[in-house]
Amino acid sequence: MKLYKTTTLFFAILLTSFASQIAHADTCLPLENASGAIKNADFNLSYKTEPSKISVSKPFSLHVKVCETGQTPYKANLKLDATMPKHRHGMNFTPKISKQSSGLFLIEGMLLHMPGEWQYKFDLKGKDRKVQLTKDFLLK
Amino acid sequence: MTMPSTWTFLLSLFVLLSFSLPVNASQFFTDEEKSQILAQGPWPPKASLDHTNRYSGNSQAIALGESLFNDKNLSSSGEFSCSSCHDKNKYFADGLKVAIAAGKNPRNTPSLVNSKFQRWFGWGGSVDTLWGVGLRAILNPLEMDSSADHVSQYISSNQKLTQQVKTLLPPDTQPTTADEHLVIIGKIIASFIETLVSKETPFDRFRQAIAEDDKDAMATYPLAAKRGLKFFLGRGRCTVCHFGPLFTNKEFADIGIPYFVKPGTVDKGRYQGIKDFKTSSFNRAGPYSDGKAGAQTLLTGRIKLQHRNWGEFRVPSLRSVADTAPYMHNGSVKSLTEVIDHYSELNEDRLHTDGIAILRSLNMSPTEKSDLVAFLKSLSAENPKGD
């Protein structure tokens, strides 16, 4: 009886630990020290630039983390463009987007060639429609 | 003295004093303007070696490159060298409206000084390597009108040159094709061009004075240049394109200069440049590049061809701009004053824009124009050769 209880307890602990690890692996948290974040009802997107301070006409990369509601990592594709809405033009380059791990993307080949008001446009695939998340910022 | 004449006298005195008193630059520029001024330096910017060119920074290659730069035997006729159009006594340009060598080129010869800091080369940006743009000039029928075979045969027939090139190659290797030989020569010449960097200017010293809050040093920068700089940053909004230490964002713009070469012939500018770039072998990512990795290669390889690229030409650096007349891609503007007149009385109907216009007619006063010229002249070193 004692052996049965000990074994049950052992398996219970093992199962709890395993379940907690699965839950932890699936838990989607925003990037630490993010440069910016955008939230809506369906998504929580955070991004971090590399280098941390971006400059006019110098190449940079973006690390992007996308979580869906309920803190599950976003698994579909991501697109990004940066535009100057007032001038109605975007970048001169098409950035390279690579999926790194669950919900995490690396975007290389970004370059903003003018100082002024810019906007990131992230295109995501929602449950039944396309979703665009935008973030305005001033580049000096 | 009657009352009105007293007032007139006092007013004149006030106006006179306000122009002649020393202006405290610390107060003349706002914090925002000072921050903009700091972004236009320091000079020269840090630059690493060109890893697409194995001879970059190699002193032996630089010496040989200078000799080849002046060697007319590289051209098919034996009449033209790189220095025929890039004259060291003319700031490595030619001072002509358009380049004239083996033929008449529809474009103005840009200076080679500071070209190592650029991202794209040529008015349309058809190449992303310095060695590639040199090779393009060697092969262009309107420039040196040469060929890989001609260059290879010339080098091979000259024992001294063959030996000099051989000492730069990795041990026990030699070019196996004429194209390889040509590319080696282009890279050796580029290693010399990389050394052409302009000297410190009055503007750079003023910028440094602002960085150090050195009021005495700030006071030595002429008042007209200060006013011109204020206009450049403010109402002129010139830093939208002429941004950073090189005074260019290293990209392309349409500023309303006609791009008809002659009736029925159009210079497509950046549009054709991107098309040519995508098919060129002399790119950072191409077969002759010595190092294809890196952010710069990834970036240029992902250039977008867009309709708006029609009629766009490279935003030139303004460093030493006073020394490189005439101006624009077709050399159609003779002087700095005329360049400023162009922006002052800009025909906005000529510009392609979907949104708020980046360029607007500036309607400048004569004083604003002369101040801007004074500022632009302060972007030249007093003694460019530094000797």
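**Strands of chain A and a helix of chain B**

In this predicted model, strand β9 of chain A, which spans residues 116–125, is joined to β10(A) by ten bridges, and the two strands run antiparallel. One of the pairs can be located at the start of that range: G116(A) has L139(A) as its bridge partner in β10(A).

This pairing belongs to a wider arrangement. Four strands of chain A form an open sheet in the order β6-β5-β9-β10, with antiparallel pairing. The edges of the sheet are occupied by β6 (89–90) and β10 (130–139) of chain A; each has a single partner strand, so one side of each lacks a neighbour in the sheet. In a regular strand, side chains alternate between the two faces of the sheet.

Chain A also contains a hairpin, in which three residues connect β1(A) to β2(A). Strand β1 of chain A covers residues 36–39 and strand β2 of chain A covers residues 43–50; four bridges pair them in the antiparallel sense. Within this hairpin, the residue opposite K39(A) in β2(A) is N44(A).

Attention now turns to chain B. Helix α4 of chain B comprises residues 59–69, and its buried residues are A61(B), L64(B), G65(B), L68(B) and F69(B). These residues lie on the same side of α4(B) because they cover an arc of only 140° around the axis. What covers them? The elements over the buried residues of α4(B) include α5 (82–85), α8 (159–168) and α9 (178–193), which belong to chain B.

Conventions:
Residues numbered from 1 in each chain as written. Chains lettered and ligands numbered in written order. Predicted model: local features only at pLDDT ≥ 70, side-chain atom pairs only at ≥ 80, totals over all residues. Pairing = 2+ DSSP bridges. Buried ≥ 20, exposed ≤ 12 C-beta atoms within 10 Å, placed from the backbone. Arc of directions from axis to C-beta. Contact = placed C-beta atoms within 7 Å.
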